[in-house]
Amino acid sequence: MKSQKYNYGTAILAAFEYLLENYPEVFVIGQGLWSPWYVGNSMTDLDKKFGIERVIDTPVSESACTGAAIGASLAGMKPIVVHPRMDFMLYAMDAVVNQAAKWSHMFGGQAHPGVTIRSIINRGGEQGAQHSQALHAWFAHVPGLRVVMPSTVADARDLLIASVLCNDPVMYIDDRWLYEQEDELPPVTELDLTSQRPVVSLKGSDITIVASGHASLLAREAAGQLGSEKISVEVVDVRVLNPFHTEEIMESVKKTKNLLVVDSGWISGGFSAEIIAKIVEQLPVGCLSNPPARIALPDAPAPTSRVLEKAYYTSTNDVVEAIKKILDN
Amino acid sequence: MKNDLKQLSNPEKYHDPISINNQDISALKNMLSTMLLIRKTEQQLAFGRKNGLIGGPVHLGAGQEAIAVGISQNLKKTDRVFGAHRSHSHLLALNLDFYKLFAEVLGKKTGFSKGMGGSMHLYDQPNGFYGSVPIVAGTVSLAVGAAMAAKMQKTDDIGLVYIGDGAVEEGVVHESFNLAKIQQAPMLFVIENNLFASHMHISLRQPSDMISRFAIANDIPYKLVDGNDVVAVAKASKELIDDMRAGKGPALIELVTYRWYGHVDWRDDVDVGVARSLDDIESWKLRDPIMRLSKSMIKAKMWSMEQENDLNNMLDKEIQTAWEKAINDPYPSSDATLKYVYS
C-alpha cells in the first residue's frame with residue numbers, strides 16, 4: 001500500500017472513513033453532520049457514504065446526545081460524538097464528568113463506556129469568549145477520562161482511530177488552527193491508545209519545550225526559526241494529557257536543563273502548571289539551569305476586537321522571545 | 001397547582017383490592033412474593049442503616065414495589081434498564097439476589113458492583129440492569145442511547161429508565177424525550193410519580209401534578225396508571241412495550257405512588273418540608289400494593305392468610321441468612337481504588 005498525502009482535516013476524515021468501513025459498531029452523532037461545514041474538511045460526505053443512520057445529525061441537544069452516545073457504548077457500540085465547538089459541549093458536563101468518567105470505577109470495572117467525544121477548539125476571527133475555549137485542563141483533571149490532543153497530521157488520524165477502539169471514554173480535542181498542516185502518511189496501523197505517550201517531535205540540546213495540540217505547532221515553528229540563530233530546541237509533544245506520562249519529558253529536561261511549557265489554555269490552574277509541577281517534583285535539585293517557564297493565555301475570556309485578539313493569543317514569535325529570554329539569563 | 005392526577009393523588013382513594021380477573025395464578029403469586037421480598041430487603045436495609053452497620057445513605061422505595069415488579073414482567077435479560085438513586089426494587093425485580101444487594105450496600109466485594117458502588121451505584125448488566133446513579137436524571141439520556149443502539153443492532157430489545165417526578169425538572173430529560181422521539185428509539189420512560197422530590201411536594205415545584213403532559217408535548221404515547229396496582233402496571237406496560245418491540249418508537253408510563261420512608265434512610269421525614277404528615281403516610285399505607293394484591297387473591301380463594309404467614313416466615317429467614325453472610329464477606333482489596341479507573 002502506498003502512502004498518501006493528507007492535511008490535518010482530511011486525516012481526521014480518513015480516520016472516520018476507516019472506522020466506519022471496518023467497524024459496524026461505530027457510529028457518529030452530533031450537530032451539523034449532514035451539512036458539516038462547521039468542521040472544515042474533516043467530515044465531508046460521511047453521511048452520503050455511510051448513511052444517515054450511522055452519521056446522525058441531531059437536535060440542538062448537546063447534553064442528551066452525549067449521554068446517548070455513552071449509553072450506546074454501554075450497549076456494545078463504539079460511538080463518536082462530535083462537538084464542533086468545545087464551548088457548546090459544556091451543556092454535556094454531567095454526561096462526561098459524572099457518567100462516562102465514573103462508570104468503570106463505580107461498578108467495579110464491569111461497565112465500559114467506550115465513547116469518543118471529539119470536541120473542537122475553534123477560535124480567532126473575532127469570535128470571542130464563547131467560540132474559543134481550550135478546556136483540555138478540565139478534562140485532564142478528571143480520572144477515568146482519557147484526553148488526547150493530536151498536534152500532527154499523523155496523530156490526527158491515528159489517535160482518533162485509537163481513541164475509538166479504546167474501551168474507555170476519550171476526549172479527543174482537535175484545533176482548527178492545525179488544519180492547514182500537510183503530511184504524507186502510510187496506510188493505517190491501529191495503535192493501542194493505552195500505550196501512547198509523549199514523543200520528542202524535534203530533537204535539540206539547549207532547551208525543552210513541552211506542549212500539546214496547537215501549542216506544539218507553535219513550538220515546532222519557534223524551534224525552526226531559532227535554528228538559524230544556533231539555538232537548539234527540543235520539542236516534546238504531550239499527545240495524551242490524561243493519564244499523563246512524564247518519563248519522556250523528564251529525559252529531555254535532564255538533557256537540556258531548561259524547560260518551557262507552551263499551552264493553549266489559560267495560565268492559572270492550567271495544564272502548563274501540571275507539567276511543570278510533575279517535572280520539578282521529580283528532577284534532582286540543581287538540575288535546571290534556569291527556572292522553568294510557561295506561556296499560556298492571560299486569565300481573561302477571549303476578546304473579540306482584532307487588536308485585542310491579536311495580543312491575547314500566543315504567536316510563534318512569543319515562543320521565540322521566551323526562549324531567548326530564558327537562555328540569556 | 002392543577003390536580004390533573006385527580007383521585008390518583010388522593011391518599012383516601014384506591015384502598016380496595018385490585019382487579020385480578022383472568023390473571024395467571026402462578027404469575028400473581030410470583031409478583032406477590034417478589035414484592036414482599038423487596039419490601040423485606042429494604043426493611044433490613046433500613047434497620048442496618050439505623051444501627052450503623054451500613055455506612056452510606058440508602059434511598060428506600062418501600063411502598064413503590066409494584067412498579068418495578070409489574071414492569072419487569074415484560075422485560076428480557078437483553079433489555080437495557082437504567083435506574084437512579086432509589087433503585088433497589090428496579091434491580092431486584094430483574095434479579096432477586098438480595099444477598100448481592102446487601103453485600104454491595106455493606107461495601108463488600110461480593111456485591112453487585114464489587115463493593116465499589118454501595119446503594120446508589122448498582123450494576124447487573126447480565127440481567128439487563130445497566131446501572132443506577134444518584135445524579136437526578138443522570139441516566140435518562142444514556143438509556144435513550146442504549147435504546148438507539150438496540151435499534152441499530154436490529155434487535156427487539158428496549159431501553160428503559162426509571163425516574164421520579166423530580167427528575168423531569170431537569171433539562172436533559174426534555175432533550176431526551178425529543179431525541180428518543182425523533183430517533184424513534186424503543187425507549188420506555190417510566191415515571192414513578194410519588195409526589196415528592198426529596199422534601200418538596202410537587203405542588204411547590206410544578207404547575208401540574210401530571211408528568212404525562214410532557215409525553216403529550218413530545219407526541220409520545222403514554223399511559224397514566226395507579227402505581228400501587230401491580231396487575232394494572234404489568235398490563236399497561238405490556239401494551240406499550242409490545243408496541244415498542246414492534247418498532248413503534250418511544251413510550252412513557254406514569255405510575256402514581258408514594259414512598260413510605262423519607263427521602264433518605266429510615267426516618268419518616270414528617271418534620272422536613274411540607275405536605276407530608278403521619279396521617280398522610282398512614283392513608284397511603286392503605287394503598288399498599290402488597291396488601292391490595294394479597295387481599296384480592298384471598299378474596300378469589302387462590303391465597304390464604306396461612307400461606308402468607310408461611311411465606312413471611314420463610315422470607316424472613318432467607319433475609320437473615322443472606323444479611324449475616326454479607327456482613328461476614330470481605331471488603332474490596334486495597335488496590336481497588338486505582339484498579340478500576342480505566343478498563
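**Exercise 1. Which residue stands opposite Glu254(B) in strand 8 of chain B?**

Before solving it, some ground rules. This is a predicted model, in which local features need pLDDT of at least 70, side-chain atom pairs count only at pLDDT 80 or more, and totals for chains, interfaces and linings use all residues. Residues are numbered from 1 along each chain as its sequence is written, while chains are lettered from A and ligands numbered from 1 in the order in which they are written.

Step 1. Find the strands, taken as DSSP runs of E with at least two residues and numbered from the N terminus (helices are runs of H or I with at least four). Strand 7 (residues 222–226) and strand 8 of chain B run parallel and are joined by five bridges; strands pair if DSSP finds at least two bridges between them.

Step 2. Read off the partner: Leu224(B) stands opposite Glu254(B).

Step 3. Look at the other pairing. Strand 4 (residues 187–193) of chain B also runs parallel to strand 8 of chain B, with six bridges, and here Phe189(B) has Leu252(B) as its bridge partner.

**Exercise 2. Decide whether strand 8 of chain B is enclosed, and on which faces.**

Step 1. Apply the burial rule: a residue is buried if 20 or more other C-beta atoms lie within 10 Å of its own, exposed if 12 or fewer, and partly exposed in between, with C-beta atoms placed from the backbone.

Step 2. In strand 8 (residues 251–256) of chain B, six of the six residues are buried, so the strand is largely enclosed by the rest of the structure.

Step 3. Sort them by face. In a regular strand the side chains alternate between the two faces of the sheet. Here Ala251(B), Ile253(B) and Leu255(B) are buried on one side, and Leu252(B), Glu254(B) and Val256(B) on the other.

**Exercise 3. Place Ile253(B) in the nonpolar core.**

Step 1. Define the core: buried Ala, Val, Leu, Ile, Met, Phe, Trp, Tyr and Cys residues joined through C-beta atoms within 7 Å. The largest has 204 residues, and Val144(B), Leu188(B) and Ile253(B) have the most contacts inside it.

Step 2. Ask what gives the most to this core: helix 5 (residues 140–152) of chain B, with ten residues. Domain 1 (4–194) and domain 2 (199–328) of chain A both contribute too, so the core lies between them; these bounds come from an automatic or database domain assignment.

Step 3. List partners of Ile253(B). Beyond its neighbours within four places in sequence, its contacts (C-beta atoms, placed from the backbone, within 7 Å) include Leu188(B), Tyr222(B) and Leu240(B).

**Exercise 4. Describe how chain B meets chain A.**

Step 1. Count: 35 residues of chain B are in contact with 36 residues of chain A.

Step 2. Find the largest share on the chain B side: helix 5 of chain B, with ten residues.

Step 3. Sort that side by class: 19 nonpolar, twelve polar and four charged residues. Here Ala, Val, Leu, Ile, Met, Phe, Trp, Tyr, Cys and Pro count as nonpolar, Asp, Glu, Lys and Arg as charged, and the others, Gly among them, as polar.

**Exercise 5. Find a β-α-β unit in each chain and give its hand.**

Step 1. In chain B, strand 7, helix 8 (residues 230–245) and strand 8 make a right-handed unit. With the strands pointing away from the viewer, the path from the first strand over the helix to the second runs clockwise in a right-handed crossover.

Step 2. In chain A, strand 13 (residues 259–266) and strand 14 (residues 293–297) run parallel, joined by four bridges. The crossover between them passes through helix 11 (residues 271–280) of chain A and is right-handed.

Technical notes:
Two residues are in contact if their C-beta atoms, placed from the backbone, lie within 7 Å.
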